[in-house]
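Please keep the sequence and the model side by side while reading the paragraphs that follow. They go from one chain to the other and end where the two meet.

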Amino acid sequence: MDDIDFFGLRELFTRNRILLCFNGPISRSLIEEIGNALKNYLHADNAQPSAAMDVFGAYIEMTQNIRHYALRQGYGEAESSATILVARDDGGAYVVQAGNVVETADGEQLTARVGQLAGLDKAALKAAYKEQLRRPRDEAASSGAGLGLIDIARKSSRPLAARLMPMPDGKAFFSLQAVI
Amino acid sequence: MTTSFNIPPSQSTPAISADWDAGVLAISGDSYPENSFDFFTATIEWIESFLAASGNRALRLDLSLVYMNTSSVKAMMDIFDLLEEAHAKGRAVSVDWYYDPRNERVEILAEEFREDCSFPFNITARN
């Protein structure tokens with residue numbers, strides 16, 4: 001194994017103002033524990049209660065979407081992994097980003113959905129949210145990640161950004177970024 | 001379930017207390033369980049039993065919810081739908097939602113629920 005450039009990793013974290021980063025298999029309890037750490041960071045960072053709740057909410061919706069997807073797909077531990085990052089950008093806004101391995105077709109559908117949401121203003125997002133909320137549960141579940149995505153979009157100060165990186169075996173790495 | 005019950009709070013679930021004799025259901029704290037539908041099933045069944053019971057007694061929800069994930073929001077909407085249905089049949093139902101004035105997100109959350117309800121729904125700031 002190559003020696004890890006630990007100092008370089010630290011520099012990378014510092015330069016990008018990364019508050020929290022995680023990469024690996026994610027369980028229900030781990031989501032809660034990391035969520036707790038995030039709450040404490042935000043508190044120590046003197047974030048406004050409403051901003052702190054939006055950042056926490058974006059984190060919860062992203063990670064629970066990843067968990068639900070992995071469970072639905074019957075993925076093993078390695079594929080149930082998530083990569084999570086919370087940072088501050090140059091302007092002091094919070095950036096919440098999460099990614100996971102998905103089937104390419106699902107990733108393409110998700111990316112298209114994020115693109116659609118990016119074109120909606122706050123009023124249209126609220127209408128989409130209420131419409132999705134009224135959909136029957138089984139229908140909402142099959143489309144996947146519907147309500148959570150709209151919720152994250154509503155909390156964001158900028159349009160959501162999604163990326164899809166091809167991987168072997170018909171899979172892809174999907175990542176979503178929200179700026180709060 | 002024609003009795004009272006108490007669910008203590010956990011990291012990701014709110015405290016719930018249902019008082020059959022008083023006709024009050026109180027929910028307080030954060031709510032973001034992975035499976036909200038399962039978590040709220042007992043509460044929804046309790047409300048259904050209470051509203052189906054004879055005596056036409058009033059039901060009041062005392063809510064101090066803070067952060068809710070989207071699946072909790074959906075479960076809460078199911079609860080308000082039950083209240084709306086009972087209200088349409090002439091039953092006295094009401095909601096009192098208390099929020100910390102330092103966090104306007106909670107007030108907005110409560111207001112969005114209230115938009116779809118025609119029964120008495122009070123939203124009050126409380127430190």
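In this predicted model, strand S2 (residues 81–88) of chain A runs antiparallel to S3(A), and seven bridges join the two. Within this pairing, the residue that stands opposite Leu85(A) is Gln97(A) in S3(A). Five residues lie between the strands of the hairpin that S2(A) and S3(A) form, and in this hairpin Gly92(A) takes a positive phi near 90°. S3(A) also pairs with strand S5 (residues 171–179) of chain A, again in the antiparallel sense and over nine bridges, with Ala172(A) in S5(A) as the bridge partner of Val102(A). Strand S3 (residues 94–103) of chain A, which thus has pairings with S2(A) and with S5(A), is mostly covered, since nine of its 10 residues are buried.

From this strand one can turn to the nonpolar interior. In soluble globular proteins, nonpolar side chains tend to be buried together. The largest nonpolar core of the model has 68 residues, and those with the most contacts inside it are Val55(A), Phe56(A), Ala58(A), Tyr59(A), Met62(A) and Val96(A). Helix H3 (residues 49–73) of chain A supplies the largest share of this core, with 11 residues. Which residues does Phe56(A) touch, leaving aside those up to four places away in sequence? They are Gly35(A), Leu38(A) and Lys39(A) together with Tyr67(B), the last of which belongs to chain B.

Chain B has three helices and six strands, and from the N terminus on its elements follow the order β-β-β-α-β-α-β-α-β. The radius of gyration of chain B is 14 Å, close to the 14 Å that the globule rule gives for 127 residues, so chain B is as compact as a globular protein of that length. Its C-alpha atoms fill a box of roughly 40 × 25 × 25 Å, taken along the principal axes, and 31% of the 127 residues of chain B count as buried. Among the contacts in chain B between residues at least 6 apart in sequence, 67% join residues at least 24 apart. The UniProt annotation, from an unreviewed entry, places the "domain: SiaC family regulatory phosphoprotein" at residues 7–124 of chain B; over these residues the chain is 40% helix and 30% strand, with the end C-alpha atoms 24 Å apart.

The strands of chain B form an open sheet of six, in the order S1-S2-S3-S4-S5-S6 and with mixed pairing. Why is one side of strand S1 (5–7) and of strand S6 (121–125) of chain B left without a neighbour in the sheet? Both stand at the edges, each with a single partner strand, and one side of each is therefore left without a neighbour there. Neighbouring strands of this sheet are turned by 10° against each other on average, direction ignored. At one edge, strand S5 (residues 93–99) of chain B runs parallel to S6(B) and is joined to it by five bridges, with Tyr98(B) opposite Thr124(B) in S6(B). Helix H3 (residues 104–114) of chain B lies across strand S4 (59–68), S5 and S6 of chain B, and runs at about 170° to S6(B).

Finally, the two chains meet where 16 residues of chain A are in contact with 14 residues of chain B. On the side of chain A that touches chain B, helix H2 (28–44), H3 and helix H7 (146–155) of chain A each supply at least two residues, and H3(A) gives the most, with 10 residues. H3(A) therefore appears in two places in this account, as the source of the largest share of the nonpolar core and as the main contributor to the side of chain A that touches chain B.

Terms used: Residues numbered from 1 in each chain as written. Chains lettered and ligands numbered in written order. Predicted model: local features only at pLDDT ≥ 70, side-chain atom pairs only at ≥ 80, totals over all residues. Core = buried A, V, L, I, M, F, W, Y, C linked by C-beta atoms within 7 Å. Buried ≥ 20, exposed ≤ 12 C-beta atoms within 10 Å, placed from the backbone. Helix = DSSP H or I, 4+ residues; strand = E, 2+ residues; numbered from the N terminus. Contact = placed C-beta atoms within 7 Å. Rg over C-alpha atoms; globule rule 2.2 N^0.38 Å. Pairing = 2+ DSSP bridges. UniProt positions renumbered as here; feature names shortened; annotations may be inferred. Axes fitted to C-alpha atoms, helices over the stretch in contact; angles between N-to-C directions.
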